[in-house]
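Hello,

Here is the structure I promised to pass on. My notes follow below it.

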Amino acid sequence: MEEITCDKIYRKRTLIRILGISSLTILVLAGVACAAPFAYVTNLGDYSLRGHYYDTNYNGAIPTPSVAVIDTATNNITARVPLGDGWPVGVAVNPEGTKVYVASATIDDVCIVYVIDTAENTVNTKVNIRSSYPSGITFNPAGTRVYVTKQRDNTDISVINPATNTLMAPIIVGPSTYDIAFTPDGKKIYAANSDNNTIYIIDAATNKVTANVSVGDSPYEVVVTPDGKKVYVPNYNSSTVSVIDTATDNVTATVPVGDSPHRVAFTSDGNKVYVANNNTVSVIDTATDTVIATVPVGTFSREIVISPDGSKVYLGNFYNKSVTVINTKTNTVTARVPVGEWPMGIAVTPDGKKVYVANAESDNVSVIDTATDTVIATVNAGIYPTGVVIVPFMDSNMSTQSTEAISNATEDTEVEKSNLSSSESDNDSSSSGNESSKNNSTPGFGLLGSLTCLYGVWKFRKK
């Protein structure tokens with residue numbers, strides 16, 4: 001009969017423990033992966049009702065500026081976050097999905113950035129940008145800086161350190177810089193200046209302007225290809241798109257498109273650019289920088305998004321109360337989905353199954369099922385919703401529990417190792433019983449982990 005030594009017992013029990021820890025880790029990760037994200041909707045509110053936070057005439061919506069939080073699994077409102085007086089004009093999410101930053105212009109022409117903790121859905125910090133009128137807010141790819149662009153005569157971009165939520169030195173540019181974009185490595189920033197028809201190139205390490213490039217008339221947006229090799233700039237009053245080579249920072253092409261281009265979206269492979277014009281969408285082949293298709297859509301296309309798999313384009317038609325769906329393989333319209341009045345903000349969930357459309361004049365959000373391209377829910381998000389972003393789910397409690405569980409299990413193993421070393425023999429039955437009770441009390445320990453450990457104990461006792 002095999003001699004049972006303390007070392008053998010320890011090795012077997014450690015294996016059982018490792019199996020349990022691995023199962024727990026898988027369960028935790030699976031739980032996070034399967035949880036639905038949330039849609040954060042910015043509402044301008046009704047200036048005639050400021051100060052009346054809850055009014056029955058608005059189904060519980062907050063008439064002051066606010067952010068509504070929608071659970072994308074149920075399409076129910078889970079929280080409403082008041083922002084105070086102002087006009088929320090931009091929203092950005094850190095890469096971890098734990099913080100939402102909302103840039104808002106107050107009545108006194110002061111920009112306030114509200115920082116929302118997504119675990120609690122409360123404003124935990126307000127950053128005063130001082131006298132300015134914001135146009136947008138953006139995180140860098142690493143999530144270590146927040147940039148606030150500004151309209152009118154403001155000649156700077158504000159920079160916030162999200163670790164401390166304090167202002168850093170601003171970036172000095174031209175007046176009315178509406179939008180910025182980063183190269184994928186985060187090293188360069190491209191800023192669109194609408195007043196002087198210039199794209200500023202900024203060194204992200206120093207926040208200093210290193211060059212500027214002349215483009216067409218009134219560039220309001222700037223986007224960088226997924227591979228970081230090109231920049232595309234829609235020129236609103238020139239009906240063109242300027243293409244900049246990021247290696248040389250020179251304009252390599254000027255592509256004629258439809259009337260009043262102002263929004264651009266790439267397919268995930270970067271092979272095609274979809275340009276939202278006044279009543280058409282221009283499709284640009286990025287290999288040749290030529291228009292390969294022109295798709296008729298509704299009037300004044302406000303926003304444009306592409307599904308994560310790159311198969312569909314969703315375009316909000318501001319004056320037609322609809323969303324146009326374009327098949328990217330055929331570049332043809334496959335559906336026109338009726339939504340509310342003035343669809344402004346559009347966002348697609350990471351799994352590509354739903355599209356959320358903020359209808360400003362209807363005070364609601366339409367939820368589109370992308371499998372059928374039909375509206376499956378209408379959510380009373382607030383008063384005058386204009387923007388929507390999808391925030392990845394992150395359960396801080398679950399993360400804490402999983403860490404504690406792994407930590408506790410490791411500590412228990414060390415204790416058992418010490419106990420085994422100090423004794424000449426061990427009772428298999430009693431040790432297995434203690435093992436089971438410890439696993440059952442571990443925070444967050446799921447069914448799969450318990451079954452795995454019970455199976456391991458049974459195999460050990462059989463021997």
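**What I found**

About 20400 Å² of the protein chain is exposed, with carbon and sulfur atoms supplying 51% of that area. Please keep in mind that this is a predicted model. The chain has 463 residues, and 53% of them count as buried. It contains four helices and 33 strands. Among contacts with a separation of 6 or more, 43% join residues 24 or more positions apart.

One sheet caught my attention. It is open, has four strands, and runs in the order β3-β2-β1-β33 with antiparallel pairing. Strands β3 (76–82) and β33 (385–391) form the edges; each has a single partner strand, so one side of each lacks a neighbour in the sheet. Ignoring direction, neighbouring strands here are turned by 20° against each other on average.

Look next at the pairing of β1 with β33. Strand β1 covers residues 38–43 and pairs with β33 in the antiparallel sense over six bridges. Thr42 stands opposite Gly387 in β33.

Then there is Asn43. This residue lies in strand β1. Is Asn43 buried or exposed? Its relative accessible area is 0%, and buried means under 20%, so Asn43 is buried. The side chain of Asn43 reaches the backbone oxygen of Ala381 at 3.4 Å. Setting aside neighbours within four places in sequence, Asn43 is in contact with Pro65, Ser66, Val67, Ala68 and Pro88, and also with Ala381, Gly382, Ile383, Tyr384 and Pro385.

Over to you.

Best wishes

Note on methods: Residues numbered from 1 in each chain as written. Predicted model: local features only at pLDDT ≥ 70, side-chain atom pairs only at ≥ 80, totals over all residues. Heavy atoms only, no water. Pairing = 2+ DSSP bridges. Helix = DSSP H or I, 4+ residues; strand = E, 2+ residues; numbered from the N terminus. Axes fitted to C-alpha atoms, helices over the stretch in contact; angles between N-to-C directions. Buried < 20%, exposed > 50% of the residue type's maximum accessible area, 1.4 Å probe, protein only. Contact = heavy atoms within 4.5 Å. Areas by Shrake-Rupley, 256 points an atom, 1.4 Å probe, with all protein chains shown as cover. Polar contact = N/O pair within 3.5 Å; in protein donor to acceptor, adjacent residues only side chain to side chain.
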